[in-house]
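Colleague: Could you take a close look at one single part of this model for me? I'd like the cut-offs spelled out as you go.

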There are 2 protein chains.
Amino acid sequence: MPTSTLAIGALAKRTGVKIPTIRYYESIGLLPEAPRTGSNRRTYDEASVRRLRFIRHARELGFEVEAIRQLLTLADDPGGPCREADVLARAHLAEIESRITRLEALRDEVRRMVEGCAQDQVRSCHVIEVLADHAHCLHERH
Amino acid sequence: MPTSTLAIGALAKRTGVKIPTIRYYESIGLLPEAPRTGSNRRTYDEASVRRLRFIRHARELGFEVEAIRQLLTLADDPGGPCREADVLARAHLAEIESRITRLEALRDEVRRMVEGCAQDQVRSCHVIEVLADHAHCLHERH
DNA sequence: TTAGAATCTCCAGCGACTGGAGGATTGAGG
DNA sequence: CCTCAATCCTCCAGTCGCTGGAGATTCTAA
């Protein structure tokens, strides 16, 4: 095996994604089928590391596999079929912005909880009220 | 049934959480066991609406049921056992801040994609690079 | 009073992993 | 060269967090 390629275990270590998960991503087509060695072992390169790290971060941020698949397609093909890609990208952008807004509201409340706690004061907590507030919800359908 | 109480279907409509999901949350203890009518139907009130909306938003933001359970416990008992609660709340706070940072990086890149697309320019996309960047990752273990 | 809507419980299925069983391959130390 | 732990392979069953269908009961409104 050339020194420039990685075994699945090395890829796992460098990305923080578990080995079975990497195989799972390949099985559902999020990662391309890895080239195999003569003894049938998967080989990876630096591009695999970047792609897999992207997938991992996006998953941690709560994006579904299908959304990630779309984002990857967009990224793989910049300046591609713009009309469709644009609609897609804008939808993702709106979703991302919505999450940021709601996370900031949550952060402010939890921060207040922590501060109140540090000062050892008994104060009421509004975490639920803040996040339950319909105004913070960007969905229309309810 | 008193007019001030809600049936499960009404709760579902007001929170955007599906009926089976509400029953599921009760089964795993995220929601308390709902009082029943004489004919065994669950009844809810305004507090249920707030609690359930909180759960919904937190889930959408990617928090696990276990984290939500902890947050709810904290919120239910403000000024409670401060030492433990403080550690917990601070951990959640760090996690929330990490998510915001990473979402902002993603937002900036997707925004650039959308803008590039609107101008109909063929330009390279750095979404993967940005999110794959180890610097944006606040985990230590890899 | 009776059709249809809403609820109940139970249970099976899905998305996204996660890990164990059983077997082959590799590569560092003796 | 040989061994043996480490690493990899495939297959498959299990977990978490829902989601929805089946069949039975209850409520509501004409």
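Modeller: Happy to: what follows is a tour of helix α2 of chain B, its buried side and the DNA around it. First, the ground rules: this is a predicted model, in which local features need pLDDT of at least 70 and side-chain atom pairs count only at pLDDT 80 or more, while totals for chains, interfaces and linings use all residues. Residues are numbered from 1 along each chain as its sequence is written, chains are lettered from A and ligands numbered from 1 in the order in which they are written, and side-chain values use heavy atoms, with hydrogens and water left out.

Helices here are DSSP runs of H or I with at least four residues (strands are runs of E with at least two), numbered from the N terminus. Within α2(B), the buried residues are Ile22(B), Tyr25(B) and Glu26(B); buried means under 20% relative accessible area, exposed over 50% and partly exposed in between, with a 1.4 Å probe and protein chains only. These three sit on the same side of α2(B), because they cover an arc of only 100° around its axis, taken from the directions from the helix axis to the C-beta atoms. That fits a general rule: an α-helix has 3.6 residues a turn, so residues three or four places apart point the same way. Turned away from that buried side are Pro20(B) and Ser27(B), which are exposed. The cover over the buried residues includes α1 and α3 of chain B, through contacts, meaning heavy atoms within 4.5 Å. After the helix comes Gly29(B), with a positive phi near 85°.

Ile22(B) also takes us into the largest nonpolar core, of 63 residues, where Ile22(B), Ile22(A) and Ile55(A) have the most contacts. Such a core is a set of buried Ala, Val, Leu, Ile, Met, Phe, Trp, Tyr and Cys residues joined through side-chain atoms within 4.5 Å. Helix α5 of chain B, residues 82–118, gives the most to this core, with nine residues.

Now to the DNA. A residue counts as near a strand if one of its heavy atoms lies within 4 Å of it, and 18 residues surround DNA strand D. The largest share of that surface, four residues, comes from α2(B). Two polar contacts (pairs of N or O atoms within 3.5 Å; within protein, one must be able to donate a hydrogen and the other to accept it, and residues adjacent in sequence count only if both atoms are side-chain atoms) start from this helix's side chains. A polar side-chain atom of Thr21(B) lies 3.1 Å from a phosphate oxygen of strand D, and an N or O atom in the side chain of Tyr25(B) is 3.0 Å from a phosphate oxygen of strand D. So Tyr25(B) is buried by the protein-only criterion and also touches the DNA backbone. Of the strand D atoms within 4 Å of the protein, 81% belong to sugar or phosphate and the rest to bases.

Strand C meets the helix too. A backbone N or O atom of Arg42(B) lies 2.7 Å from a phosphate oxygen of strand C. Elements giving two or more residues to the surface near this strand include α2(B), residues 19–27, and Arg23(B) is one of the residues that come nearest to strand C.
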